[in-house]
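Colleague: I should like to go through this structure with you before the group meeting. Please begin with the terms we shall need.

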Amino acid sequence: QVQLVEFGGGSVQAGGSLRLSCAASGYRSRMYSNSYCMGWFRQAPGKEREGVATLYIIGAGARTPRYADSVKGRFTISLDNGQSTLYLQMNNLTPEDTAMYYCALKMGGSCPLVPKDFGYWGQGTQVTVSS
């Protein structure tokens with residue numbers, strides 16, 4: 001069973017930083033190739049879920065990040081060497097970043113910022129940025 005558990009949300013003032021973590025387990029037995037994609041998505045009240053950042057992973061080496069334009073230069077997605085924890089470092093936060101943040105995973109060869117393409121999701125962690 002694939003499990004994704006997010007940590008690290010909270011409340012900060014504008015300009016502050018947070019680091020989100022996502023502990024992933026059970027996915028290796030579901031892999032049908034050596035590539036997969038993990039990502040961070042967010043959903044603000046009254047808005048659709050949107051992609052924040054994704055990381056395309058091939059084997060033990062290659063990792064290709066992708067970011068939404070709204071977070072480029074402020075957020076960094078990374079994966080630990082054991083490939084069990086996904087991170088999202090968020091700097092220079094603004095009130096527009098306030099949302100529930102979700103970790104997600106998909107198998108296979110594409111890694112889009114498109115929520116509907118992801119089959120596994122965590123329960124979410126709330127990020128609130130005050131002005």
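Modeller: A residue is called buried when its relative accessible area is under 20% and exposed when it is over 50%, with partly exposed in between. Please bear in mind that this is a predicted model.

Colleague: Where does D117 fall, then: buried, exposed or partly exposed?

Modeller: D117 has a relative accessible area of 32%, so it is partly exposed.

Colleague: Which residue forms a salt bridge with D117?

Modeller: The partner is K116, and the closest N and O atoms of the two are 3.3 Å apart. K116 counts as exposed because its relative accessibility is 71%.

Colleague: How many salt bridges are there in the whole structure?

Modeller: The search finds five. As a general remark, side chains of opposite charge can pair when their charged atoms come close. One of the five joins D69 to K72, with 3.1 Å between the closest N and O atoms. D69 and K72 are each exposed.

Colleague: What about R42: which residue does it bridge to, and how far apart are the atoms?

Modeller: R42 bridges to E50, and the closest N and O atoms lie 2.7 Å apart.

Colleague: Is R42 buried or exposed?

Modeller: R42 is buried, because its relative accessibility is 7%. E50, at 37%, is therefore in the partly exposed class. The pair also belongs to a network of salt bridges that links R42, E50, R74 and D97.

Colleague: Changing topic, which residues line the largest pocket?

Modeller: The lining is made of R42, Q43, A44, K47, E48, E50, P95, E96, D97, T98 and A99. R42, E50 and D97 thus appear here as well as in the salt-bridge network.

Colleague: How much space lies in that pocket, and how do its lining residues divide into nonpolar, polar and charged?

Modeller: The largest pocket holds about 150 Å³ of space. Its lining has six charged residues, three nonpolar and two polar.

Colleague: On to the rings. How many aromatic pairs does the structure hold?

Modeller: There are five aromatic pairs. One of them is formed by F41 and F118, in an edge-to-face arrangement with 4.8 Å from centre to centre and 70 degrees between the planes. This pair connects distant parts of the chain, since F41 is in strand β4 and F118 is in the loop between β9 (99-107) and β10 (120-121), 77 residues apart.

Colleague: Why do F41 and F118 count as buried?

Modeller: F41 counts as buried because its relative accessibility is 0%. F118 is at 5%, and a residue is buried when it is under 20%, so F118 is in that class as well.

Colleague: What is the geometry of the pair formed by Y102 and W121?

Modeller: Y102 and W121 are edge-to-face too, with centres 6.3 Å apart and 80 degrees between the planes. They again link distant parts of the chain: Y102 belongs to strand β9 and W121 to strand β10, 19 residues apart. Y102 is buried because its relative accessible area is 14%, whereas W121, at 27%, is therefore partly exposed. Together, F41, Y102, F118 and W121 form one aromatic cluster.

Colleague: Now M107. Where does it lie, and which residues is it in contact with, leaving aside neighbours within four places in sequence?

Modeller: M107 lies in strand β9. With those neighbours set aside, M107 is in contact with Y27, R30, M31, Y32, S35, Y36 and Y120. Its relative accessible area of 12% is why M107 counts as buried. S33 and M107 are 74 residues apart along the chain, yet their C-alpha atoms are separated by 7.8 Å.

Colleague: Y32 is on that list; is it buried or exposed?

Modeller: Y32 is exposed, because its relative accessibility is 64%. Y32 lies in the loop between β3 (18-25) and β4 (35-43). Outside its neighbours within four places, Y32 contacts M107 and G108. From Y32 to P95, one of the pocket-lining residues, the C-alpha separation is 40 Å.

Colleague: Last topic: the backbone. What is the phi of Q83, and where is Q83 found?

Modeller: Q83 has a positive phi of about 55 degrees, although it is not a glycine. Q83 is found in the loop between β7 (75-79) and β8 (85-90), and it counts as buried because its relative accessibility is 8%. N92 is another non-glycine residue with a positive phi, near 50 degrees. N92 is in the loop between β8 and β9; its relative accessible area is 46%, so N92 is partly exposed.

Methods: Residues are numbered from 1 along each chain as its sequence is written. Side-chain values use heavy atoms; hydrogens and water are left out. On a 1 Å grid over the protein atoms alone, a cavity is a set of points where a 1.4 Å probe fits but cannot get out, and a pocket is an open set with protein on both sides within 12 Å along at least five of seven lines; lining residues have an atom within 4 Å of a point. Grid points are joined across faces, edges and corners, and a volume is the space filled by probe spheres set on the points. Ala, Val, Leu, Ile, Met, Phe, Trp, Tyr, Cys and Pro count as nonpolar, Asp, Glu, Lys and Arg as charged, and the others, Gly among them, as polar. A salt bridge is a side-chain nitrogen of Lys or Arg within 4 Å of a carboxyl oxygen of Asp or Glu. Buried means under 20% relative accessible area, exposed over 50%, partly exposed in between (1.4 Å probe, protein chains only). Helices (H or I, at least four residues) and strands (E, at least two) are DSSP runs, numbered from the N terminus. Contact means heavy atoms within 4.5 Å. Rings of Phe, Tyr and Trp (its six-membered ring) pair if their centres lie within 6.5 Å; planes under 30 degrees apart count as stacked, over 60 as edge-to-face and the rest as tilted.
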